[in-house]
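Me: I've got this model open on my screen and would like a close look at one part of it. Could you walk me through it in plain words?

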Amino acid sequence: QVYLVESGGGLVQAGGSLRLTCGASGGTSFTWYAMLWFRQAPGKERESVGSIARTDGSTNYATSVKDRFTISRDNAQNTVYLQMDSLEPEDTAVYFCAANPSRWTTYPTYWGRGTQVTVSS
């Protein structure tokens with residue numbers, strides 16, 4: 001069992017930045033898992049934000065956030081980050097981190113409980 005806890009959400013004005021943090025504990029080595037970020041806006045389905053590979057730092061992003069969001073990880077600290085810049089009201093959502101052996105999935109094995117991000121116009 002892997003436990004994931006997100007933090008860093010909040011209220012920010014359009015054009016601003018936030019950095020979300022996801023800490024992992026339990027389970028096997030953190031490097032066994034790719035880490036993924038998802039979000040769910042009110043009344044909408046959950047969507048993928050992006051992911052980062054287990055050890056080589058490779059990332060991929062949804063088109064809607066590419067060039068604005070950056071995912072990174074610190075394997076020594078069992079932590080993954082989501083740096084969000086140039087935020088738009090459309091980025092308002094609950095953001096979830098997730099862990100899975102492969103990053104090429106929309107149904108990862110382990111989930112955090114989410115953190116709310118609200119972007120005001």
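Me: Let's start with the cysteines: are Cys 22 and Cys 97 buried or exposed? Then take me through what surrounds them.

Reply: Before anything else, keep in mind that this is a predicted model. To your question: Cys 22 and Cys 97 are both buried. They are also bonded to each other, since a disulfide joins Cys 22 to Cys 97, with 1.9 Å from S to S. The structure holds one disulfide, so there is no second one to look for. The link of Cys 22 and Cys 97 is right-handed, with 45 degrees about the S-S bond. Cys 22 belongs to strand S3 and Cys 97 to strand S9 (residues 93–100), so the bond ties together parts that are 75 residues apart in sequence.

Now follow the Cys 22 end. Strand S3 covers residues 18–26 and runs antiparallel to S1, with six bridges joining the two. If you want a spot to click on, Ser 7 stands opposite Thr 21 in S3. Zoom out a little and you see an open sheet of four strands in the order S1-S3-S8-S7, with antiparallel pairing. Strand S1 (2–7) and strand S7 (69–74) are at the edges with a single partner strand each, so one side of each has no neighbour in the sheet. From one strand to the next, the twist averages 15 degrees.

While you're at S7, have a look at Arg 73. Its charged end sits over the ring of Phe 30, 4.4 Å from the ring centre.

Next, the Cys 97 end, where the aromatics come in. A search of the whole structure finds three aromatic pairs. One of them is Phe 38 with Trp 111, a tilted pair at 4.9 Å centre to centre and 50 degrees between the planes. Phe 38 lies in strand S4 (residues 34–40) and Trp 111 in strand S10 (residues 110–111), so this pair ties together parts that are 73 residues apart in sequence. As for burial, Phe 38 is buried, with a relative accessible area of 2%, while Trp 111 counts as partly exposed at 28% relative accessibility.

Trp 111 has another ring partner, Phe 96. Their ring centres are 6.3 Å apart and the planes are at 80 degrees, so the pair is edge-to-face. Here Phe 96 is in strand S9 and Trp 111 in strand S10, so the parts tied together are 15 residues apart in sequence. Phe 96 counts as buried at 16% relative accessibility, because the cut-off for buried is under 20%. Put the rings together and you get a cluster: ring pairs link Phe 38, Phe 96 and Trp 111.

Phe 38 also has a charged visitor. The charged end of Arg 46 sits over the ring of Phe 38, 5.5 Å from its centre.

Last stop is strand S4 again, where you'll find Arg 39. You might not expect an arginine on the list of buried residues, but Arg 39 counts as buried at 6% relative accessibility. What does its side chain touch? A polar contact of 2.9 Å joins it to the side chain of Asp 91, and another polar contact of 2.9 Å joins it to the side chain of Tyr 95.

So, back to where you began: the bond between Cys 22 and Cys 97 connects strand S3 with strand S9, and both cysteines are buried.

Definitions and conventions: Residues numbered from 1 in each chain as written. Predicted model: local features only at pLDDT ≥ 70, side-chain atom pairs only at ≥ 80, totals over all residues. Heavy atoms only, no water. Pairing = 2+ DSSP bridges. Axes fitted to C-alpha atoms, helices over the stretch in contact; angles between N-to-C directions. Disulfide = S-S within 2.5 Å. Buried < 20%, exposed > 50% of the residue type's maximum accessible area, 1.4 Å probe, protein only. Phe/Tyr/Trp six-rings, centres within 6.5 Å; stacked < 30°, edge-to-face > 60°. Lys NZ or Arg CZ within 6 Å of the ring centre and 35° of its normal. Polar contact = N/O pair within 3.5 Å; in protein donor to acceptor, adjacent residues only side chain to side chain.
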